[in-house]
Amino acid sequence: MEQLLRDFFLFLSKNKTFTKLARKYGLRFGAGRFVAGESLDLAVKKIKELNSKGLAVTIDYLGEFVDNEEEANYMADNSIEAIKAIGREKLNAQLSLKMTSMGLDISDDVVMRNMRRILDAAKDNNVFVTIDMEDYSRCQKTIDIFKELRKDYDNVGTVIQAYLYRTVDDIQDLNQFHPNLRLVKGAYKESPEVAFPEKKDVDDNFKKIIKMHLLNGNYTAIASHDEAMIEYTKQLEKEHNISRDQFEFQMLYGIRSERHEELAKEGYTFRVYVPYGTDWYGYFMRRLAERPANVAFVLKGVFGK
Ligand code: FDA
């Protein structure tokens with residue numbers, strides 16, 4: 001049953017009509033639990049609150065699967081506005097973005113032009129940018145773009161998903177760049193031909209890549225709500241004398257919030273992924289797919305508390 005619900009929400013996450021309706025009618029159905037607000041001003045307010053509690057942030061102007069150049073440029077302009085706000089307000093924050101919102105599905109030229117504009121602005125404002133990883137069909141292209149950009153910019157990183165069979169090879173291959181990588185389990189619906197279908201295998205592979213990337217001496221963001229992964233990282237820290245400057249924990253805004261502050265108080269760098277904007281629909285559906293129990297929040301949103 002749970003698997004069916006998962007598949008259902010992942011299927012819904014790609015529905016273009018619902019995406020457009022959601023954009024038009026504003027944050028609904030409890031999505032406000034996972035999204036900081038529809039405007040940059042609201043996001044900045046939220047970041048200041050989080051920073052005051054000792055939490056770092058990565059901010060994401062929501063959007064994905066853009067299919068025309070005008071919209072891709074508009075998305076890039078909004079990311080640049082966010083970067084400037086981080087610089088102006090002296091926020092402890094980075095930026096995250098999706099390649100499909102920058103024009104990945106349109107042309108190499110559009111996506112590279114937008115990424116260079118963003119990374120130039122980020123460099124001027126001393127902001128680090130992480131390229132989120134999307135579905136498998138875009139994985140190779142995203143990695144190629146990352147490699148190309150990494151030659152010219154040291155303020156860019158990307159994400160590697162533990163559920164893919166190719167992941168260990170990617171970690172090895174990317175080591176030549178000594179990249180700052182965010183490691184995650186993976187949030188999209190993928191075929192068993194490319195991704196481990198069993199949770200246990202994903203968890204084992206996650207541990208494997210955390211260890212590999214840390215022992216390669218690279219900066220590692222462990223992005224997971226899974227206590228077992230946090231404990232495993234702490235164990236590696238002790239066993240291998242890994243400096244706390246070499247890694248951080250990350251979780252999504254609105255999920256296990258009490259744990260964010262606890263880990264920061266324990267002396268770890270903790271970063272909250274804070275999405276904002278009107279394009280919240282696909283992001284929200286993926287969060288429901290991860291934990292169908294969250295549907296209770298949706299029902300409260302529809303029928304009142
Ligand atoms: P798992 O799913 O095993 O969950 C462990 C426990 O965490 C659950 O038992 C539950 O208690 C809690 N939990 C997990 N999800 C929850 C939810 N939605 N609501 C409430 N509780 C929940 N993916 C991707 O493909 N590309 C990307 O770029 C990113 N980026 C990213 C950034 C950050 C900061 C995070 C934390 C995650 C991502 N992800 C991602 C998502 C990631 O791939 C994965 O889908 C989720 O983090 C869920 O997996 P966990 O590792 O949390 O473990």
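**Reading domains, ligand shell and core**

The domain assignment of the chain gives domain 1 (1-34 + 280-305) and domain 2 (35-279); such bounds come from an automatic or database domain assignment. This is a predicted model, in which local features need pLDDT of at least 70, side-chain atom pairs count only at pLDDT 80 or more, and totals for chains, interfaces and linings use all residues. Residues are numbered from 1 along each chain as its sequence is written.

Q: How many residues does each domain bring to the contact between them?
A: Two residues are in contact if their C-beta atoms, placed from the backbone, lie within 7 Å. Here domain 1 supplies 17 residues and domain 2 supplies 14 residues.

Q: Which elements supply the side of domain 1 that touches domain 2?
A: Elements are DSSP runs numbered from the N terminus: helices (H or I, at least four residues) and strands (E, at least two). On this side, α1 (2-12), α2 (16-25) and α12 each supply at least two residues, and α12 gives the most, with six residues.

Q: How do the residues of that side divide by chemical character?
A: Ala, Val, Leu, Ile, Met, Phe, Trp, Tyr, Cys and Pro count as nonpolar, Asp, Glu, Lys and Arg as charged, and the others, Gly among them, as polar. The side of domain 1 that touches domain 2 has eight nonpolar, four polar and five charged residues.

Q: Which residues come nearest to the ligand?
A: A residue is near a molecule if its C-beta atom, placed from the backbone, lies within 6 Å of it. Of the 23 residues around the ligand, the nearest are D132, V184, A187, S224 and H225. Two or more residues of the shell come from each of β4 (156-161), β5 (181-184), β7 (247-252) and α12 (281-290); β7 gives the most, with three residues. Each of domain 1 and domain 2 provides at least three residues of this shell, which divides into ten nonpolar, six polar and seven charged.

Q: Where does the largest nonpolar core lie with respect to the domains, and why?
A: A nonpolar core is a set of buried Ala, Val, Leu, Ile, Met, Phe, Trp, Tyr and Cys residues joined through C-beta atoms within 7 Å. A residue is buried if 20 or more other C-beta atoms lie within 10 Å of its own, exposed if 12 or fewer, and partly exposed in between; C-beta atoms are placed from the backbone. The largest core has 81 residues, and those with the most contacts inside it are I47, V57, M102, L183, V274 and F284. Domain 1 and domain 2 both give residues to this core, so it lies between them.

Q: Is E89 buried or exposed?
A: E89 has 12 C-beta neighbours inside 10 Å and therefore counts as exposed.
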